[in-house]
Amino acid sequence: MDERDVVVADSLEGDPEFLRALLAHTSEGMLTIDADSTVLAANPAIERILGYEPEELLGSSKLTIIPERLQDAHLEGIGKYVETGEKHIDWTGVELPAEHKDGHEVPVSVSLQEHEYDGKQLFTGIFTDISERKRRERELRERNEDLEEFASVLSHDLRNPLSVAQAQISLAREFGEDEYFENVEDALDRIDGLVDDLLAQAREGRGAETAPCSLQRVVEDAWNGVLTEDASVVLPSRAWQVEADEGRLQQALENLVRNAVEHAGADGTVTVGVLDDESGFFVEDDGPGFPTDVLRRGAPGPENGHYGLHVVERVADAHGWTVRFTNAADGGARVEFRDVSLSRA
């Protein structure tokens, strides 16, 4: 540290006790090392940040507080600076992980100064614990990700009932039958339910509030909530009850039905049934099957165009179910939900 930057009253100039007290009461940690990275000085704030009493660090290598994966880079950087004067990091403040005495890493901001004392080249680092700032940044990032996902799911899943409503309005204009207006009302009710469900998930978390419901009825509601053209559905037995959040299960099934109709064709067939071992249920179509990227990943995501399947996986996770994306023996896409609580009515 450049002595010309330190200003004290004449009565304190040259008073070592004052300088020790000044260093002892600063909230930032301070370490001074030589060109070999040996610690020559440390202040008490280091213990609050990294768990070491200053006496424990004196005479040790600075590598003690540097995570192992960064130690070679530190030695190379300080060696290059001593040799060439070339800095490899920003000395005015760089964010780095430091290793606490108990082994966990602490994010710190470090500013560095070079100075000379008794003919030795020394380096003093000022350490500021930025754990709280990093925590706030992480929380903000997670909230933004949740908000982005909420908007994406909402815009994606609203297309199903909106498409149904638009189609029914066209039919109502052409034929004027009350049935079509009733179908529009059903589609609008589904939109209202989706918005309520997604808002509840965003506000209260991603868990599912479950109750016994008819698997057949939920499949029928999901089928009616999607434009299925001339496709057909094979329903599970009316006897089966599933412990589920009915609205979210319908959301998952709507995505699978829509995916099947888009890929299996307007005259395809979708089959929903209970697995042979009764540990869950499956949804299967007679289309071309899942592409290799879905089968390889096993967990499709929105980044590769499979947002509907991503929603299905999130719904399964919320229930504690295991979901498996595979292809049926005849080549069609098959989704299996396991670890599901099923019972016969």
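Me: On a 1 Å grid over the protein atoms alone, a cavity is a set of points where a 1.4 Å probe fits but cannot get out, and its lining residues have an atom within 4 Å of a point. Which residues line the largest cavity here?

Reply: The lining consists of L256, N259, A260, V283, E284, D285, F290, A333 and V335. This is a predicted model, in which local features need pLDDT of at least 70 and side-chain atom pairs count only at pLDDT 80 or more, while totals for chains, interfaces and linings use all residues. Residues are numbered from 1 along each chain as its sequence is written, and side-chain values use heavy atoms, with hydrogens and water left out.

Me: Which elements supply at least two residues each to that lining?

Reply: They are α9 (246-264), β10 (280-285) and β12 (333-338), where helices (H or I, at least four residues) and strands (E, at least two) are DSSP runs numbered from the N terminus.

Me: How much space is in there, and how many cavities does the search find?

Reply: The largest cavity holds about 60 Å³, the volume being the space filled by probe spheres set on the points. The search of the whole structure finds 3 cavities of 30 Å³ or more.

Me: Switching to pockets, what lines the second largest one?

Reply: A pocket is an open set with protein on both sides within 12 Å along at least five of seven lines. The second largest pocket has a space of about 430 Å³ and 22 lining residues, with K62, I66, H74, I89 and L96 nearest its centre. Two or more lining residues come from each of α4, β3 (94-99), β4 and β5.

Me: Which element gives the most?

Reply: Helix α4 does, with 6 residues.

Me: Which residues of α4 are buried, and which exposed ones face away from them?

Reply: H74, G77, I78 and Y81 are buried (under 20% relative accessible area, 1.4 Å probe, protein chains only). They lie on the same side of α4, because they cover an arc of only 90 degrees around the axis (taken from the directions to the C-beta atoms). The opposite face carries E68, D72, E76 and E83, which are exposed (over 50%).

Me: What covers the buried side?

Reply: The cover includes β1 (29-34), β4 (105-117) and β5 (120-129), by contacts between heavy atoms within 4.5 Å.

Me: And what follows the helix?

Reply: Just after α4 comes G85, with a positive phi of about 80 degrees.
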